[in-house]
Amino acid sequence: MPKAYVFTRYGGPETEALVEQDQPSPGPGQVLVAVRAAGVNPVDWKQRTGYARPGAGARELPAVLGNEVAGVVEELGPDVTGFTVGDEVFGSPVAGGYAEYALLPTAVTAQKPAALSFTDAAALPVAAATAYDGIHQLGLPSGATVLITGAGGGVGVAATQIARALGLTVIGVASEGKKDFVEELGAVHVPSGPELAERVRAAAPDGVDAVFDLVGGEVLEAAATLLADRTKLITGADRETVARLGGGPVERARTSAVLDEVARLVVDGRLRPFVTGTFPLDRAAEALRTVEDGHARGKIVIEVAR
């Protein structure tokens, strides 16, 4: 039977397990994909603790972890068009992706370009697509300055590159240990920690035009003080705080068209997924701990052997 990495109840890492389960069958508007790679994101462990996206229903337990995959179409659901068996695709699964098989809704599934590896493609549906949505939501003109907090993480790495490709100046907030990495992306590094706003003002004496927050909490509070126009304050990490501060969340498009765009950026050389660590499925726990501990640079991906 196919293997999957699940959480059996809400809680900590002790709830996780590698199990065997029946191969899923695609419903209307879905394709069954033989997974080749699955991206790992902070939202994965947050869902294990009970977090749910606004509007999402309760999950049936045990639940497969993971929110982005790349693989090969094995079976089409009823009335599916635009895909055929054997297509190489990537997207966001219906119910988890750390598995040998996953169901993908065609509305958020895209054809994988031949020049894009499965591993890199699996790093795009959550992190890169969130970054793309956020940077375009801000609508800044070329030459403007955007502050990105959490610039060394998966979304931050993609957001920094997409912003630079659009001609924006990026001030990237990250730990001191990620300084060289953030600067390699083309950003001006500002170390995280107390008195953040003062360090940003020193690095950007003409001010910042927008803030793309990926940390939340006190970091978001400090970053907000740098903006007069709070409509240019967005977060992918802390909806409650940003609402109180007069900003808003990243507005996710969740479409195949966005996936096509981020894949094109990678193929054109304007966006590097920066996959910095890979793990086999039977070491999914290690992959998730690397992200959950907050020390990962770039993206972590689980590779599924066939």
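The exercises below work through the sheets, a helix pair and the enclosed spaces of one predicted model.

The model is predicted, with local features requiring pLDDT of at least 70 and side-chain atom pairs counting only at pLDDT 80 or more, whereas totals for chains, interfaces and linings use all residues. Residues are numbered from 1 along each chain as its sequence is written, and side-chain values use heavy atoms, with hydrogens and water left out.

**Exercise 1. Determine the strand order of the six-stranded open sheet, and say which strands stand at its edges.**

Step 1. Strands (E, at least two residues) and helices (H or I, at least four) are taken as DSSP runs and numbered from the N terminus, and two strands count as paired if DSSP finds at least two bridges between them.

Step 2. With these terms, the order reads S11-S10-S9-S12-S13-S14, and the pairing is parallel.

Step 3. The edges are held by S11 (188-191) and S14 (248-249), each of which has a single partner strand, so one side of each is left without a neighbour in the sheet.

Step 4. At the S14 end, S13 (residues 233-235) pairs with S14 in the parallel sense over two bridges, and Ile 234 stands opposite Gly 248.

Step 5. Helix H6 (residues 196-203) lies across S9 (145-149), S10 and S11, and runs at about 155 degrees to S11; such a contact means heavy atoms within 4.5 Å, while axes are lines fitted to C-alpha atoms, for helices over the stretch in contact, with angles from 0 to 180 degrees between N-to-C directions. In the loop between S11 and H6 lies Glu 195, which has a positive phi of about 60 degrees although it is not a glycine.

**Exercise 2. Describe the antiparallel pairings formed by S1, S2 and S4, and by S5, S6 and S8.**

Step 1. An open sheet of three strands, with antiparallel pairing, has the order S2-S1-S4; its edge strands are S2 (16-20) and S4 (63-64), each pairing on one side only.

Step 2. S1 (residues 3-7) is joined to S2 by five bridges, and Ala 4 stands opposite Val 19 of S2.

Step 3. The loop between H1 and S4 holds Pro 62, and a cis peptide bond, with omega about 0 degrees, joins Leu 61 to this proline.

Step 4. S5 (residues 69-76) runs antiparallel to S6 (residues 88-91), to which four bridges join it, and S6 also pairs in the antiparallel sense with S8 (residues 109-111), over three bridges. Phe 90 of S6 takes part in both pairings, since it stands opposite Ala 70 and has Ala 110 as its bridge partner in S8.

**Exercise 3. How are H3 and H9 oriented, and which classes of residue form their contact?**

Step 1. H3 packs against H9 (residues 256-267) at an angle of about 95 degrees, with the axes 10 Å apart.

Step 2. Angles under 35 degrees count as roughly parallel, over 145 as roughly antiparallel, 65 to 115 as roughly perpendicular and the rest as oblique, and H3 and H9 are therefore roughly perpendicular to each other.

Step 3. Residues of H3 that include Leu 124, Ala 128 and Tyr 132 meet residues of H9, among them Val 258, Val 262 and Val 266.

Step 4. Nonpolar covers Ala, Val, Leu, Ile, Met, Phe, Trp, Tyr, Cys and Pro, charged covers Asp, Glu, Lys and Arg, and the others, Gly among them, count as polar; the contact of H3 with H9 accordingly has eleven nonpolar, no polar and two charged residues.

**Exercise 4. Characterise the largest pocket and the two cavities by volume and lining.**

Step 1. On a 1 Å grid over the protein atoms alone, a cavity is a set of points where a 1.4 Å probe fits but cannot get out, and a pocket is an open set with protein on both sides within 12 Å along at least five of seven lines, lining residues having an atom within 4 Å of a point. Grid points are joined across faces, edges and corners, and a volume is the space filled by probe spheres set on the points.

Step 2. The largest pocket holds about 1,300 Å³ of space and is lined by 44 residues, of which Pro 42, Lys 46, Leu 214, Gly 236 and Ala 237 lie nearest its centre. H1 supplies the largest share of this lining, four residues, and the classes are 21 nonpolar, 14 polar and nine charged.

Step 3. There are two cavities of 30 Å³ or more. The largest has about 50 Å³, and H4 gives the most to its lining, with four residues; the second largest has about 40 Å³ and includes Lys 3, Ala 4 and Tyr 101 in its lining.
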